[in-house]
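Reader: Before I rely on the labels attached to a model, I would like to hear on what criteria they rest. Could we go through them together, with each value set against its cut-off?

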Amino acid sequence: MKPFLYPTYLIIIVALFCTFPINVFADNVSLRLKSRPIGEALHEISRQTGLTFSYSSQLVDVQRLISVDVQDVLLNVALEKILATEYEYKISGKYIVLKKNTQQAPPCKVDRVVVEPVNRVQTKNVSLSSGGVFESDCHIDSNNHKTNTPMNKTGIKSMMLLALSTGFAAFNSSEAQSQRVTENVSNETTNLTANAVEDVGESIAETAKSIATNVSDAMSDAVSNNSSDQDTPPSDSVRPFVATIVYPFSFPELNTEKHAYRASFNVFFGLNNGIEQFEVGGWANVNLRYMKGMQIAGIGNACLGEMSGVQVASISNFAAKGKGLAQISGIVNFGQSVDCQISGTTNMAYKSARTQVAGIVNVTNTADVQVAGLVNAVFNTSRVQIAGIGNTADTADLQIASIINASRKVGTQIGLVNVCDTATGVMIGLVNVARKGGLREVQLGTDMSGNAIFSLRLGLPKFYTFAEIAYNFDKSLTMCGGGLGTQLSFSKGWGMNIEGLSQRVSNILDDLDNLSNDDWWESRNQLWQFRIVAYKRFTKHFAIYAGPSFNIYTTKTTNAFSVDYPAPYTLFSSQHKDYTTKSWVGVSAGIRF
């Protein structure tokens, strides 16, 4: 076969790709992008349709800027808008395969082809009849020899795709010429007629066969290098199963890192390109590109690509990308987006997680429900957080913790200490701090019993908590306790507080000396108070208040630490066994800051 015909064969190969069918997937999509990379448009289509794009970064420029505005159109209409005439696509199952559009490529005119005798092919001035010019100074050395290895139809297509992506790599000569040959061909005689196309077409298969073995290794390298730009292969390229003692000792084939399998069984450690259905390993399972089914390992599972299945391990699970169904481990789980993570110590999902349950800590960017023995942390939005010690989130609907809850914007917080920037619900705790719209007041006052009263109100006006301390100078009694309240604001600085209070009454010396004495705790010197007070605010930070209160006091009279509360009068009283109860209506007044 004459070397100067090789460029012509390649042009015919290009034309053959135009005959591959293009499928249309009936799924509506909407896009509105302006001067954005084409890769962003492909990602958005994948998100809306669930289909996966497969392409080579050497052929598809995903950084090329496009502008598109389509609303609720068929998938093929959107793809034609995005790809225009530069690329063509084929839908195979759940995959959209992209490649350069060669449909417009006409027959070529070859002005001159020079073949040097040093195992090198040199091409110059290859002109397209459409007026475009492709100039190439391609120098390709070849140490390969002709082979008659049979090649099926799929192999020929793969060989041709490699020839396109490497830019005239198919110019390799099976045997170098021994002398320099220069041949000028006129434009008229090089125009391909229909008969010439038929003659050359008969030679294409033989040319493909002669270099099939030589390009097989290069094709494997190209797939490996572009693995980050492609998604999982069509199901017809997936092997049925593999069994591995320890990688790379496997059956029925080696090089398992290059292949995907429906099932994998690993005695100790296995490494595969991908898993479609099921994988079990005594120690560890590792998948390089994807994992769709279930992984079960005695120690750990790792998916370095897309994970969309379930991982179960005694120690750890790892998934670099994808949205997994579940990760269950004894110690730690790590993933991108996971529906459910359950671990003995730690769960981490750097993008999102619907449910996280951990013995120590949960960390993610967005979550629906988090339950942890110690701490939950969400960097963006969380619906429900329940922790033994503390919760933190940018935005949360509900936070429940024994010690502290912190959030920029929150619905409801329940804990010992609650802190937020803005709250839309309620804050229930000993210390509640809302920076915007929160209630922070100090109150000084007195009542009809002659008590000096100090109280601190924190929380939200519609629901707040307060701590209160009172002291009676006549009988040296202290009253310590807290309560709940709500504040109503009216016009011109007027408002009203409705509060409920519970206080422990005792002698201050008894408080210090008898905290460990059971009789002191059983004395039941308890005061309950319900009050309604009106206030008038003169400035933002100063107001006066006054209002009635209804009081009930109970004590165990037979106890050595029983205290007779100095009620101004008794509205009614009762005696039941060892307990005495009395009540009265009083008045309190004071100032607020």
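**Labels and their criteria**

Author: The protein has eight helices and 37 strands, where helices (H or I, at least four residues) and strands (E, at least two) are DSSP runs numbered from the N terminus. This is a predicted model, in which local features need pLDDT of at least 70 and side-chain atom pairs count only at pLDDT 80 or more, while totals for chains, interfaces and linings use all residues. Residues are numbered from 1 along each chain as its sequence is written, and side-chain values use heavy atoms, with hydrogens and water left out.

Reader: How do you know where the predictor is confident, and which elements have the lowest and the highest mean pLDDT?

Author: The pLDDT is the predictor's confidence in each residue, on a scale from 0 to 100. The average over the protein is 76, and 70% of the residues score at least 70. Among the elements, strand β8 (residues 133–134) has the lowest mean, 34, and strand β17 (residues 310–313) the highest, 96. Over residues 1–26 the pLDDT is below 50, and this stretch has 60 contacts in the model beyond near neighbours in sequence, a contact being heavy atoms within 4.5 Å. The pLDDT is also below 50 over residues 105–205, a stretch with 142 such contacts.

Reader: What share of the residues is buried, and what makes Arg-531 buried or exposed?

Author: Buried residues make up 43% of the 593 residues in the protein. The term means under 20% relative accessible area, whereas exposed means over 50% and partly exposed lies in between (1.4 Å probe, protein chains only). Arg-531, which is placed in strand β34 (residues 526–539), has a relative accessible area of 4% and is therefore called buried.

Reader: Which side chains make polar contacts with the side chain of Arg-531, and how do you know that the distances qualify?

Author: The side chain of Arg-531 makes a polar contact of 2.5 Å with that of Glu-468, and another of 2.5 Å joins the side chains of Arg-531 and Gln-529. A polar contact is a pair of N or O atoms within 3.5 Å; within protein, one must be able to donate a hydrogen and the other to accept it, and residues adjacent in sequence count only if both atoms are side-chain atoms. Not counting residues up to four places away in sequence, Arg-531 touches several residues, among them Arg-457, Phe-466, Glu-468 and Glu-499.

Reader: Why is the pair Glu-44 and Arg-47 called a salt bridge?

Author: A salt bridge is a side-chain nitrogen of Lys or Arg within 4 Å of a carboxyl oxygen of Asp or Glu, so the pair is judged by its distance from N to O. For the side chains of Glu-44 and Arg-47 that distance is 2.5 Å, and they meet in a salt bridge. Both lie in helix α2 (residues 38–49), three residues apart, about one turn of the helix. Glu-44, at 21% relative accessibility, counts as partly exposed, while Arg-47, at 58%, counts as exposed.

Reader: What makes Lys-100 and Glu-86 a pair that ties together parts of the sequence?

Author: Lys-100 forms a salt bridge with Glu-86, the closest N and O atoms being 3.3 Å apart. Lys-100 lies in strand β5 (residues 95–100) and Glu-86 in the loop between α3 (75–83) and β4 (87–92), so the pair ties together parts that are 14 residues apart in sequence. Lys-100 is partly exposed at 35%, and Glu-86 counts as partly exposed at 28%.

Reader: How do you know that Glu-276 and Lys-292 form a salt bridge, and is Glu-276 buried or exposed?

Author: The closest N and O atoms of Glu-276 and Lys-292 are 3.9 Å apart, and the two residues form a salt bridge. Glu-276 lies in strand β13 (residues 260–281) and Lys-292 in the loop between β14 (284–291) and β15 (294–297), so this pair ties together parts that are 16 residues apart in sequence. Glu-276 has 18% relative accessibility and therefore counts as buried, whereas Lys-292, at 29%, counts as partly exposed. Elsewhere, salt bridges that share partners join Arg-457, Glu-468, Glu-499 and Arg-531 into one network. The structure holds 18 salt bridges.
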